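Thanks, everyone. Let me put the model up, and we will walk through it piece by piece.

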Amino acid sequence: MSDDHPVSIPAATPSESKSSGKYEFFKAIQAYLDQAAHAVDLPPYITTILSQPKNEIIVNFPVRMDDGSIRLFKGYRIQHNNLLGPYKGGIRYHKSVTLDDIKALAAMMTWKCALMNLPFGGGKGGIKFDPNEVSRAELQRITRRFFHALGSNIGPETDVPAPDMGTDARTMAWAMDTYMNTVGQLFKQAVKGVVTGKPIASGGTQGREKATGQGLVHCITEWAEERDFQLGGSTLLVQGFGNVGSHTAVILSKYGASTIAVGDHTGYLYNPERFNPHKLQDHVKRNRSIAGYPGGKAITREEFFRIKADIFIPAALENQVGVDEASALQVRLVAEGANGPCHPDGERVLLERGIDILPDVLANSGGVTVSYYEWVQNKRSESWSLEEVDSRLEKAMKRAYREVGELARQKKVSLRVAAYGVALQRLAAVYGEREIFP
Ligand code: NAD
């Protein structure tokens, strides 16, 4: 292992793929919905309902910053659909958050929950700011004011947020505590399930922190078995080394897969002799980024996408793989830890080049699945062992992987369209039974 010499990291290059022009994430999701609806003969009225979110909540709230000034923040909570159960989905803190992106991400949560057979609908929220540029105390005040502003729009039986990019278990502890303090003493202990992804001592579950990475790895091992591909000795490119990217790299290292290049919002690093994912994960936990990690050579974003490896794991933002990146990538598999990392044009190039894609709606649904286990444990005042959580997750991911593969073969569509398709079939069955109020 050669992770011992300090390197300087260049400033990050633009995060968006440059090759595909303006990216309209929500429009891309609507186009996939149309394709999948066509593939599974969805009644047109259901496509119409699902093409827009049910509720779009926007709140503006003031926060006192450490220097005494007052800053106004804009927060979103999009509630896409609640046919199957309470809205469910993460809260994102990132400087690029837009209403359009949150609408896209909320719709994807509807598909994920339906695909995974969870009694949840889809939602997503976020605040447009850079969490790396505020202090811990400011972060706490921003979180508490946001959740206070959301008020009774959320709740354990209404809408259940969770961590996403820029938020974590600590954020969820503040969110839960804020909500608990608004419902009065009588109900305080009954509302732990208002958010998931909490720290274990505050009502979280074993296995949630690594759940998205763990679920992604189950999909990758299923793919490897299907393709007769040996994970032992294989190589990985990982973009984004936060929750999803780092846990995926750590878990895959147990199968003998080596991370040889990583990138985040501060830049990209290459180490042909492989990174130690545990050490890099510890570094990121301490320093909030890979910057300053004493191992690997600083490379550009363009160089990162040209490195020959077996598997690319996007685990950062959407719209990272446009035509240029898809043409440059020399991998066999793109396993989408992030939501929407491939631009539709980039996806087309990857598929034309024979590169497999494990689509986000399937591949990163381990997080919401274990969030559901947390919610059930909160309801029943239980705490399950890690073994129990892990074995339930494994069965759930493998079942979903099989169902998506079967529909893709039957309808001759991509795995992405098939993942949407399985979800839509489940939603259609319920709409068919209940019909539309009044
Ligand atoms: P995180 O905040 O823990 O990590 C995000 C990572 O992306 C960080 O390493 C950050 O530096 C990097 N990043 C940010 N901007 C970047 C840029 N411009 N270029 C390159 N890298 C950049 O977030 P996370 O929870 O790991 O989420 C990552 C992705 O996975 C998101 O798309 C999220 O929606 C998706 N996801 C997360 C979960 C979950 O359980 N956390 C579940 C499903 C999907």
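Start with the sheet of 5 strands. The order is β1-β2-β4-β3-β5, the sheet is open, and the pairing is mixed. One thing to keep in mind throughout: this is a predicted model.

Which strands stand at the edges here? They are β1, residues 55-64, and β5, residues 159-163. Each has a single partner strand, so one side of each is left without a neighbour in the sheet. From one strand to the next, the twist averages 25°.

Look inside this sheet at β3 and β4. β3 covers residues 87-94 and β4 covers 122-128. They pair in the parallel sense, over 4 bridges. For a register mark, take Y93: its bridge partner in β4 is I127. As a reminder, strands of a sheet pair through backbone hydrogen bonds, either parallel or antiparallel.

Now step back to the start of β1. S51 sits in the loop between α2, residues 44-50, and β1. Is S51 buried or exposed? Neither quite: the relative accessible area is 22%, so S51 counts as partly exposed. Leaving aside neighbours within four places in sequence, S51 is in contact with F26, Q30 and L33. F26 is 25 residues away along the chain, and the two C-alpha atoms are separated by 9.6 Å.

On to the other sheet. This one has 7 strands, in the order β9-β8-β7-β6-β10-β11-β12. Again it is open, with mixed pairing. At the edges stand β9, residues 297-299, and β12, residues 356-358. Each of those has a single partner strand, so one side of each lacks a neighbour in the sheet. Neighbouring strands are turned by 20° against each other on average, direction ignored.

What packs on this sheet? Helix α7, residues 243-253, does. It touches β6 (235-239), β7 (258-264) and β10 (311-314). The direction of α7 makes about 165° with that of β6.

Two strand pairs are worth a look. β6 and β7 run parallel, joined by 5 bridges. L236 has T259 as its bridge partner in β7. And how many residues of β7 are buried? 7 of its 7, so to speak a mostly covered strand. Then, at the edge, β11, residues 333-335, runs parallel to β12, with 3 bridges joining them. There, A335 has L358 as its bridge partner in β12.

Next, a buried glutamate. E318 is found in the loop between β10 and α10, residues 323-328. Its relative accessible area is 8%, so E318 counts as buried. The side chain of E318 makes a polar contact with the side chain of R92, at 3.0 Å. Beyond four places in sequence, E318 touches Y23, F25, R92, D101, N339, G340 and P341.

Compare another glutamate, E388. This residue lies in helix α14, residues 386-411. E388 is partly exposed, with a relative accessible area of 32%. E388 and G346 are 42 residues apart in sequence, and their C-alpha atoms are 38 Å apart in space.

Now a helix pair. α3, residues 99-115, packs with α15, residues 415-434. The angle is about 75°, and the axes are 8 Å apart. The two helices are therefore roughly perpendicular to each other. Who makes the contact? From α3: M108, T110, W111, A114 and L115. From α15: A419, Y420, V422, A423, L424, R426 and L427. By type, that gives 10 nonpolar, 1 polar and 1 charged.

Last, the backbone. Most residues other than glycine have a negative phi, and most peptide bonds are trans. Three places here deserve a check against that.

First up, N117, with a positive phi of about 60°, although it is not a glycine. N117 is found in the loop between α3 and β4. At 49% relative accessibility, N117 counts as partly exposed.

Then R274, also not a glycine, with a positive phi of about 85°. R274 is found in the loop between β8, residues 267-270, and α8, residues 277-287. R274 is partly exposed too, at 38% relative accessibility.

Finally, a cis peptide bond joins F437 and P438, with omega at about 5°. P438 has its place in the segment after α15. That is the tour. Questions, please.

How values were computed
Residues numbered from 1 in each chain as written. Predicted model: local features only at pLDDT ≥ 70, side-chain atom pairs only at ≥ 80, totals over all residues. Heavy atoms only, no water. Axes fitted to C-alpha atoms, helices over the stretch in contact; angles between N-to-C directions. Parallel < 35°, antiparallel > 145°, perpendicular 65-115°, else oblique. Contact = heavy atoms within 4.5 Å. Nonpolar A, V, L, I, M, F, W, Y, C, P; charged D, E, K, R; others polar. Pairing = 2+ DSSP bridges. Buried < 20%, exposed > 50% of the residue type's maximum accessible area, 1.4 Å probe, protein only. Polar contact = N/O pair within 3.5 Å; in protein donor to acceptor, adjacent residues only side chain to side chain.
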